[in-house]
Amino acid sequence: MSATIINGKELAHKLKAEMSKEVAQMKANGIVPHLTVILIGDNPASKSYVNGKRKASTETGISSEVIELPVSTTESELLKQIDQLNNDEAVHGILVQLPLPDHIDEQHIIEAISPEKDVDGFHPVNIGRMMTGQDTFLPCTPFGILTMLKSFDVEIEGKHAVIVGRSNIVGKPVGQLLLNENATVTYCHSRTESLLDYTRSADILIAAIGKPHFIKAEHLKKGAVVIDVGINRQEDGKLTGDVDFDGVLDKVSYITPVPRGVGPMTITMLLKNTIKAAKGLAE
Ligand code: GUN
């Protein structure tokens, strides 16, 4: 079987070109979509993600700013900063890059961001809206995965989607989005017994584990669709996924590579959410 590679970088490029036109039109009507990112401390991975977000915003014509705060920033200082941004009409989207230093309660921060500016889709109000199938900001990685599946006409309705990983950012919400599309969803995680029994019956397998090459050919049914959310840095500095890409390629029908798979789509969906936020304010 020859697998189709779902190239997230190419799809992201196409979507960004479409969004650039939309942003130009909004600017002509006097609305400049604006994203503010808060970065605390100097975690190199976070810095790199934030740079990617800023670069993609600029490419699309979205105005963005990064507020860099020292690792010593207190929770109340951060809350004050968020409050200012919530009340600033020129700011449409607010994103606080995670993880935060241990002395700051992540949930307090997520819940302080106005749900109308929560372009990450992490606020409980937006999670609730997503769960009840309402139009809202969807978390960027799950939204990117759904967009990839739909763009490649992968059938979701009635299919068995197995999610390996249950994080609040990826695993839980991607399962919900697939359920909203009428998939039958199974969640697996580090305590799951007999993992293979589940993964081998997956029509669509989402790997969001954080362990390089964890998913191998033996985990998969022939013809499965595999979405690899893993971003693991190898000893040689190269990025690799949670799936043994070369080992499963002959067995799957569709697969996302790492890099150039889910990653570029995550950033693209952030831009989509920022445009949505700017439109919301304009109405
Ligand atoms: N850290 C890793 N992924 C994300 C994300 O999607 N949003 C935020 N805010 N922080 C992250």
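# A guided tour of the predicted model

Start with two strands. Select S5 (residues 160–164) and S6 (residues 184–188): they pair in the parallel sense, over 5 bridges. Keep in mind that this is a predicted model.

Now pick out single residues along this pair. Valine 162 stands opposite threonine 186 in S6. Histidine 160 faces threonine 184, again in S6.

How does the chain cross from S5 to S6? Select helix H7, residues 171–180. The chain leaves S5, passes through H7 and arrives at S6. This β-α-β crossover is right-handed.

**The sheet around S5 and S6**

Widen the selection to the whole sheet. It is open and has 6 strands, in the order S1-S11-S8-S7-S5-S6. The pairing is parallel. Which strands sit at the edges? They are strand S1 (4–5) and S6. Each of them pairs on one side only.

**Two loop residues beside these strands**

Go to asparagine 182, in the loop between H7 and S6. Its phi is near 75°, a positive value in a residue other than glycine. Is asparagine 182 buried or exposed? Asparagine 182 counts as exposed, because it has 10 C-beta neighbours inside 10 Å, and the exposed class ends at 12.

Next, select aspartate 153. This residue lies in the loop between helix H6 (140–151) and S5. Aspartate 153 also has a positive phi, about 55°, although it is not a glycine. With 7 C-beta neighbours inside 10 Å, aspartate 153 counts as exposed.

**Strands S2 and S4**

Move to strand S4, residues 93–96. Its partner to select is strand S2, residues 34–40. S2 and S4 pair in the parallel sense over 4 bridges. Find valine 37: its bridge partner in S4 is leucine 95.

Stay on S4 and look at its two faces. Gly93 and Leu95 lie on one side. Ile94 and Val96 lie on the other. All four are buried, so both faces of S4 are covered.

**The ligand**

Select the ligand and show what surrounds it. The shell is made of Leu95, Val96, Gln97, Leu98, Asp120, Cys140 and Ile169. Leu95 and Val96 are the S4 residues you have just seen among the buried ones. What is the make-up of the shell around the ligand? Its residues divide into 5 nonpolar, 1 polar and 1 charged.

**Two cis peptide bonds**

From Leu98, step along the chain to proline 99. A cis peptide bond joins leucine 98 and proline 99, with omega about 0°. Proline 99 sits in the loop between S4 and helix H4 (106–112).

Then jump to proline 259. A cis peptide bond joins it to valine 258, with omega about -5°. Proline 259 is in the loop between strand S11 (254–255) and H10.

**Helices H1 and H10**

Select helix H10, and in it isoleucine 275. Isoleucine 275 is buried, because 23 other C-beta atoms lie within 10 Å, where 20 are enough. Draw a distance from isoleucine 275 to methionine 26. Their C-alpha atoms are separated by 9.1 Å, yet the two are 249 residues apart along the chain.

Now take helix H1 (residues 8–28) and find valine 23 there. Valine 23 is buried too, with 23 other C-beta atoms within 10 Å. Draw another distance, from valine 23 to alanine 278. The C-alpha atoms are separated by 9.9 Å, and 255 residues of chain lie between the two positions.

**The nonpolar core**

Select the largest nonpolar core, which has 74 residues. Which of its members touch the most others? Look for Leu205, Ile206, Ala207 and Val226. Helix H10 (residues 262–282) gives the most to this core, with 9 residues. Domain 1 (30–114) and domain 2 (140–263) each supply at least three residues to this core.

**Last stop: the domains**

Color the chain by domain. The protein is divided into domain 1, residues 30–114, and domain 2, residues 140–263. How far apart are the C-alpha centres of domain 1 and domain 2? They lie 28 Å apart.

Terms used
Residues are numbered from 1 along each chain as its sequence is written. This is a predicted model: local features need pLDDT of at least 70, side-chain atom pairs count only at pLDDT 80 or more; totals for chains, interfaces and linings use all residues. A residue is near a molecule or strand if its C-beta atom, placed from the backbone, lies within 6 Å of it. Ala, Val, Leu, Ile, Met, Phe, Trp, Tyr, Cys and Pro count as nonpolar, Asp, Glu, Lys and Arg as charged, and the others, Gly among them, as polar. Two strands pair if DSSP finds at least two bridges between them. A crossover is right-handed if, with the strands pointing away from the viewer, the path from the first strand over the helix to the second runs clockwise. A nonpolar core is a set of buried Ala, Val, Leu, Ile, Met, Phe, Trp, Tyr and Cys residues joined through C-beta atoms within 7 Å. Domain bounds come from an automatic or database domain assignment.
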